[in-house]
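Me: Could you walk me through this protein structure in a few questions and answers? I'm just starting out.

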Amino acid sequence: MKQKFIFTLALLLFFLPQKASAFCNAMRTQVYITTNPGIAQYITTKSRREFLKYASTPASPNTVGLTVARLSYSGKPQPNIEEEDGQVCVSLGAIDIKLGYEDLTVYIDKKYPISSCEYKVTKRHEKQHVAIYQQAMIFFKPDIEKQVQESLKQLRPQIVKTPQERDRVIVEQYQKVMDDLLPLIEHINKVTAQKNQQLDSPESYKRTTALCKNW
């Protein structure tokens with residue numbers, strides 16, 4: 001009889017905590033990442049002196065074109081709210097992250113007519129810069145997805161008592177994910193800048209200028 005009682009008690013202890021712990025103990029956040037490669041806008045109404053003020057790094061003396069772009073990101077959180085036995089559990093139900101280039105501008109020195117060899121060669125060169133930016137965004141997208149998932153693993157749902165607490169939890173969890181992304185975004189921008197500098201090497205300019213006569 002004693003053995004049967006112990007067995008019954010063990011079953012109760014096994015099942016009861018499971019039901020209690022199932023509430024508000026895990027997050028299942030949906031992650032949506034959309035990319036915007038941007039559409040290059042070509043500006044041909046400014047001189048070299050005018051558009052170089054937009055350059056983020058010192059320009060070469062041979063520069064006759066400039067591509068300005070910087071990867072940006074934004075997000076939108078959606079809460080997940082559950083209720084049980086009078087308690088309210090809140091967590092980050094979904095996060096929608098947008099990644100891309102809202103501003104992708106290419107400047108070509110206005111002294112070159114659109115029909116000239118110099119303009120065409122410069123535009124072809126700047127298109128390579130545009131491609132570097134856009135390809136970097138696609139290349140690093142899996143790393144961004146991985147970083148978001150890593151951040152989410154560090155978060156836990158919370159029981160709240162007021163709408164103010166609910167809003168605070170969502171904002172804090174969302175901000176945690178976005179803050180953790182910043183170093184990676186900065187790394188992507190740094191790598192992209194390095195690739196662009198390689199494209200603007202003295203050797204590259206020498207090959208480019210050899211294609212036309214009226215620089």
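Reply: Happy to; this is a predicted model, and we will look at a residue, a helix and a sheet in turn.

Me: Is Ser151 buried or exposed?

Reply: Ser151 lies in helix H3, which covers residues 117–153. Leaving out residues up to four places away in sequence, Ser151 touches Val177 and Asp180. A residue counts as buried under 20% relative accessible area. The value for Ser151 is 0%, so Ser151 is buried.

Me: Why do the buried residues of H5 line one face of the helix?

Reply: Helix H5 spans residues 202–209, and Ser204, Tyr205 and Thr208 are buried there. Looking down the axis of H5, you find these buried residues in a single arc, so they line one face. On the other side of H5, Pro202, Lys206 and Arg207 are exposed. The reason for the one face is that the buried residues fall within an arc of 95°.

Me: What covers the buried residues of H5?

Reply: The residues to be covered are Ser204, Tyr205 and Thr208. Their cover includes H3 and helix H4 (163–199).

Me: Which strands stand at the edges of the sheet?

Reply: Three strands form an open sheet with mixed pairing, in the order E2-E6-E3. Each edge strand has a single partner, so one side of it lacks a neighbour in the sheet. The edge strands are E2 (41–43) and E3 (65–69).

Me: What is the bridge partner of Ala69 in E6?

Reply: E3 pairs with strand E6 (residues 104–108) in the antiparallel sense, over five bridges. In E6, the partner of Ala69 is Leu104.

Note on methods
Residues numbered from 1 in each chain as written. Predicted model: local features only at pLDDT ≥ 70, side-chain atom pairs only at ≥ 80, totals over all residues. Heavy atoms only, no water. Helix = DSSP H or I, 4+ residues; strand = E, 2+ residues; numbered from the N terminus. Buried < 20%, exposed > 50% of the residue type's maximum accessible area, 1.4 Å probe, protein only. Contact = heavy atoms within 4.5 Å. Arc of directions from axis to C-beta. Pairing = 2+ DSSP bridges.
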